[in-house]
Amino acid sequence: MDLATLRARAPLFLAVFIDIFSFGLMYPLIVALFENGTIVAGYAPSTRDTLLSLAFSLFPIGMFFGASLLGDLSDAVGRRRTLMICMAGLAASYGLMWLALEVGHLWLFFLGRLSSGLMAGTAPIAQASVVDAAPEDRRSAAMAQVVLVNTLGMVAGPAIGGILGHWDFRLPLGLALALCLLTLALLRSAHFASDEARRAFSLDWKQPFRLLARVSDRPAIIVPAASFFLFQFGFLIYYTFILIEMQRSYGFTTADLGLFSMVMGLGCAFSSAIGFRYVRAWLGSDKPTALLGLALCGAFLIVSGLPLPAWGQVAVAFLSTASNILAFITLLAAISSAVDETERGWALGIANAGVALSVFLAGLLTGLLVFLPADVFLIAGGVIVLAGILPGLKLAEPATGTELQDQAAAELR
């Protein structure tokens, strides 16, 4: 990427960074919050697990509606304007959660979790913006740029959230609020994408279901979307339960959880910056890269359910997320290639809605910790990721530039 392009996209990348940064920041914070002395003293263990499940689940409920709506909105009114809406909404959400801890009302915290999910739409919008300018056979490389920014946020968010939260739970929330406001100000003068209306948009609560129903008319998206959903569901079970396991079985503090999550982010960052490029070049195309990522990631998640020492879990965390990126980038590129440019925001919004559903289901499963140990869920997550290989075997390879020219010439003849 040349310097001029980097400058033009800098506000976009910052918005992506803030979105994943604030998301990662919350995971160690939530796990520690519901093991905090005040909550432990006020609620029975089964009630705390239910509240923990609710804290995890409200975000994806909002994300389910917000992701598809915001992705579709960005196709209609422009990427930059929609990103500004996301940043303003995230700022308000983290303000609510900060206020909840200040005044001691959990319902405000839960409301903030729900509204932050509604505004968690920057990733598909940014992906669509970058992919808009990339030829079909270069879309996975373009997607990798956004994913690299995502991983930097994934490294910084949990580490900062865990360390600041170790001192005071309000500190990371205040930081997220300030960063959202800064990003909003930068987006106002950004020029990374056109704000021209591409098509009409009407807002109502049924819209996400209509957007999902549109999938039936576009069968090309079903295979990559199915593989992506299984992959994300399995991995998010791991991401949710490994933090609980590290706290309850290994005695990790809030700061330790943040640093552990940072190791997972480092695995993503390494693979995004270096590993993906070399594996993709070695295998020659997206499909085998996706299948290898699914196989390795699933296997590492299963290993995490075995009785390992703490350093072994740290190593597995790094390896599982490094292999995760191989599938994440290529499956998103396959989803974006399944539609034309007027629906790319919608398609990637559908993928994000799948992530939302995965987070929701993984969060709900924490309510079963009263009956089953976390190890069972870690192994189940790995099996579900491996199941993503089945639809992955049917993935279509994107056409190269030469193949596209041949297709155009054939159509002219």
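This is a tour of one predicted model, stop by stop, with selections to make in the viewer.

**Whole chain**

Begin with the full chain in cartoon view. Its secondary structure comes to 17 helices and zero strands. Of the 413 residues, 55% count as buried. Switch to a surface representation: the accessible surface of the chain comes to about 16200 Å², and 69% of that area belongs to carbon and sulfur atoms. For a contact map, take pairs at least 6 apart in sequence; 84% of those contacts join residues at least 24 apart.

**The nonpolar core**

Next select Met26, Phe34, Phe228, Phe231, Tyr238 and Phe260. In the largest nonpolar core, which has 106 residues, these six touch the most other members. Now add helix α1, residues 3-33; this helix supplies the largest share of the core, 15 residues. As background, nonpolar side chains in soluble globular proteins tend to be buried together.

Keep Met26 selected and show what surrounds it. Which residues does Met26 contact, once its neighbours within four places in sequence are left aside? They are Tyr94, Met97, Phe109, Arg113 and Leu173.

**Cysteines**

Select the cysteines and display their sulfur atoms. How many disulfides does the structure hold? The count is zero. Center on Cys297 and draw a distance to Cys268, which carries the closest cysteine sulfur. The separation is 9.1 Å, too far for a bond, because a disulfide requires sulfur atoms within 2.5 Å. Cys297 is at 0% relative accessibility and so counts as buried. Move to Cys180: this residue also counts as buried, because its relative accessibility is 0%.

**Salt bridges**

Hide the cysteines and show the charged side chains. A search of the whole structure finds three salt bridges. The general principle is that side chains of opposite charge can pair when their charged atoms come close.

Select Glu102 and Arg170. They form a salt bridge whose closest N and O atoms are 2.9 Å apart. The pair links distant parts of the chain: Glu102 sits in helix α4 (residues 79-103) and Arg170 in helix α8 (residues 170-188), 68 residues apart. Glu102 is partly exposed, with a relative accessible area of 37%. Arg170 is likewise partly exposed, at 28%.

Add Asp168 to the selection. Its salt bridge with Arg170 has closest N and O atoms 2.7 Å apart. At 24% relative accessibility, Asp168 counts as partly exposed. Through shared partners, salt bridges join Glu102, Asp168 and Arg170 into one network.

Then go to Arg280 and Asp286, where the closest N and O atoms of the salt bridge are 2.5 Å apart. Is Asp286 buried or exposed? Asp286 counts as buried, because its relative accessibility is 8% and the cut-off is under 20%.

**A nonpolar patch on the surface**

For the last stop, return to the surface view and select Leu368, Val370, Phe371, Leu372 and Val376. These residues form a nonpolar patch on the surface, with about 450 Å² of accessible area together. Center on Phe371, which lies in the loop between α14 (344-365) and α15 (374-387). Phe371 has a relative accessible area of 64% and is therefore exposed, the cut-off being over 50%.

Note on methods: Residues are numbered from 1 along each chain as its sequence is written. This is a predicted model: local features need pLDDT of at least 70, side-chain atom pairs count only at pLDDT 80 or more; totals for chains, interfaces and linings use all residues. Side-chain values use heavy atoms; hydrogens and water are left out. A nonpolar core is a set of buried Ala, Val, Leu, Ile, Met, Phe, Trp, Tyr and Cys residues joined through side-chain atoms within 4.5 Å. Buried means under 20% relative accessible area, exposed over 50%, partly exposed in between (1.4 Å probe, protein chains only). Helices (H or I, at least four residues) and strands (E, at least two) are DSSP runs, numbered from the N terminus. Contact means heavy atoms within 4.5 Å. Patches are made of residues with over 30% relative accessible area and no salt bridge: like charges are joined within 9 Å, nonpolar side chains (Val, Leu, Ile, Met, Phe, Trp, Tyr) within 5 Å. Accessible areas come from the Shrake-Rupley method with a 1.4 Å probe; for residues, only the protein chains shown count as cover. A salt bridge is a side-chain nitrogen of Lys or Arg within 4 Å of a carboxyl oxygen of Asp or Glu.
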